[in-house]
Number of protein chains: 2
Amino acid sequence: MLKAQRHSYIMEKLRAEQKVVTTDLAIDLDLSEDTVRRDLNELDRKKLLKKVYGGALLIKERPSHTYNVYISAEEKKEKIVKKALSLLHDDQVIIMSGGTTNLVFAKFIPEHLRLTIYTYSLPIAMQLSQYPNIELILIGGKMQKSAMVTIGIDVIQVLSKIQADICFIGASSINVKQGLTEVGYEVSVVKKAMIASSDKVVSMFTSNKLNTKMPHGVCELQELDTIVTELDPDDDRLEKYRKTGIKIL
Amino acid sequence: MLKAQRHSYIMEKLRAEQKVVTTDLAIDLDLSEDTVRRDLNELDRKKLLKKVYGGALLIKERPSHTYNVYISAEEKKEKIVKKALSLLHDDQVIIMSGGTTNLVFAKFIPEHLRLTIYTYSLPIAMQLSQYPNIELILIGGKMQKSAMVTIGIDVIQVLSKIQADICFIGASSINVKQGLTEVGYEVSVVKKAMIASSDKVVSMFTSNKLNTKMPHGVCELQELDTIVTELDPDDDRLEKYRKTGIKIL
DNA sequence: GTACAAAATGCAAACTCCTGCAACTTTGAT
DNA sequence: ATCAAAGTTGCAGGAGTTTGCATTTTGTAC
């Protein structure tokens, strides 16, 4: 049995029983007590448990500050973003809108890529902060608290001064006639500015957004270079979109 | 056998058995252990499995969408911020710097207060997004990833245009002679701008920051209106500071 | 304190891993 | 067809890791 497996076994037993005893573990795992002790010390050093005389105890969750973002239909979104990764390469300047699809995208960006990314979404900025090779610029402004994005004139102003290679834009709704449309007026304005500042426009969304409509227009379908959904590019549901000549991943 | 085939074989076996052992794979595939190791390292780099000593494990945890901020000495900081809450009242315009003390402060702001808050710290903005009565403006700029704050000229520019009633400023170091000092030059500049834009300046910090010094000056002690620590205001350790006439909570 | 279990330390044997290298294969260009 | 460049593989040797045992130290209970 691999050491890493033993560690999982120990942690699992610990979570189930709140404590583990060195001698019991030695029997369970058919190992010398010395090795078990070494394992426990190692886990203790990683602060995954608390070593005590005779065994180890479960560590109480740190009262640290955590932020959760709920992502619906995550598997579909993973499928989408994996396709979109092919659009990335070193030294691009990128603008990313908010939305959970873009958040999942941020998580899947390969660590080695050297990118400059502008975003006005807090969760995406949090995520991208973990990448050492990404130059990250957060666009400030008045917070729209529900969506965790900044909006308003400040955002537009910053966006108008950027010249990006590519922008990744979430979609509330899309259809062949009206193109991209948004629920909120202010978000629609910001997205227009994104598009104006980017050489290439990519929109990623799940197929349930297809053929729906919202009050505020963002752009015609023709203004998008590429759309990415979880569907196969040859799927019947995309036929109308294929006819417009737009690239589909 | 082609490398790609081996990789599928490894992944298949891994999915079936949760783990693979280097030596077994070498026999299975009739290859040297070195090559198997190279394969495993390659798959590890692609994040398809987790290489461990002796073999490799299945990756199961999907990337999480929770963001943690570890707060040290949280009880002390709670004590500090509870004292500082008395400085708040409806309709104030506030600037908050980054730092975990300010983050704890954000957590303890009473929900009913009607405030306008400017901040350039992501975790604080995340926290404050949960308050319906707070008008929140996030100041954008280049991200300093380690501290989760924005810095640079953009931040200074926005700050210079604000006229705030009060600012809450974290402290890396403070002493009677040099006043507030900072590790990073850029953060020190931002804090200067905060102070210039605020009628009243409050600094909150734990007592271990007292009588320490960092390379970059922020302001003289006299420019602060109030300091807040977890100590009793009459504590001996604050005597030198009391003599300067600064208000101590 | 004493007795005894548990833990830490030092050590050797076995095992695993990495690096550089040479032999070999594949790819693509001429 | 020929050749160079790039990629792949196995091997040798050295470095690093893991494990159980013997020995010493520490902790707990009485």
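Counting here goes by class: Ala, Val, Leu, Ile, Met, Phe, Trp, Tyr, Cys and Pro are nonpolar, Asp, Glu, Lys and Arg are charged, and the others, Gly among them, are polar. On that basis, the surface near DNA strand C has nine polar, four charged and two nonpolar residues. Keep in mind that this is a predicted model. Chains A and B touch each other through 30 residues of A and 33 of B, and strands from both chains turn up in a nine-stranded open sheet.

**Around the DNA**
- There are 15 residues around DNA strand C, and the ones that come nearest are A:Thr22, A:Gly54, B:Thr22, B:Arg37 and B:Gly54.
- Helices α2 (22–29) and α3 (33–45) of chain A, plus α2 (22–29) and α3 (33–45) of chain B, each put at least two residues into this surface.

**Where the chains meet**
- On chain A's side of the contact with chain B, at least two residues each come from α1 (3–17), β4 (65–68), α6 (122–128), β7 (134–138) and β8 (141–144).
- β4(A) gives the largest share of that side, with four residues.
- Sorted by class, chain A's side has 16 nonpolar, nine polar and five charged residues.
- Strand β8(A) also runs antiparallel to β7 (134–138) of chain B, joined to it by two bridges.
- In β7(B), the residue opposite A:Lys142 is B:Ile137.

**The sheet that starts with β9(A)**
- Reading across, this open sheet goes β9(A)-β8(A)-β7(B)-β6(B)-β5(B)-β10(B)-β13(B)-β15(B)-β16(B), and the pairing is mixed.
- Its edges are β9 (149–151) of chain A and β16 (247–248) of chain B, each with pairing on one side only.
- Inside it, β5 (93–96) and β10 (164–169) of chain B are parallel, with three bridges between them.
- One of the bridge partners is B:Phe168 in β10(B), which goes with B:Met96.
- Helix α5 (100–108) of chain B lies across β5, β10 and β13 (198–204) of chain B, at about 105° to β13(B).

**The sheet that starts with β16(A)**
- Here too nine strands make an open sheet with mixed pairing, in the order β16(A)-β15(A)-β13(A)-β10(A)-β5(A)-β6(A)-β7(A)-β8(B)-β9(B).
- The edge strands are β16 (247–248) of chain A and β9 (149–151) of chain B, and each pairs on one side only.
- β5 (93–96) and β6 (115–119) of chain A run parallel over four bridges, and A:Ile95 has A:Tyr118 as its bridge partner in β6(A).
- Helix α4 (74–84) of chain A packs on this sheet by touching β13 (198–204) and β15 (226–228) of chain A, with its direction at about 155° to that of β13(A).

Conventions:
Residues numbered from 1 in each chain as written. Chains lettered and ligands numbered in written order. Predicted model: local features only at pLDDT ≥ 70, side-chain atom pairs only at ≥ 80, totals over all residues. Pairing = 2+ DSSP bridges. Contact = placed C-beta atoms within 7 Å. Axes fitted to C-alpha atoms, helices over the stretch in contact; angles between N-to-C directions. Near = placed C-beta within 6 Å.
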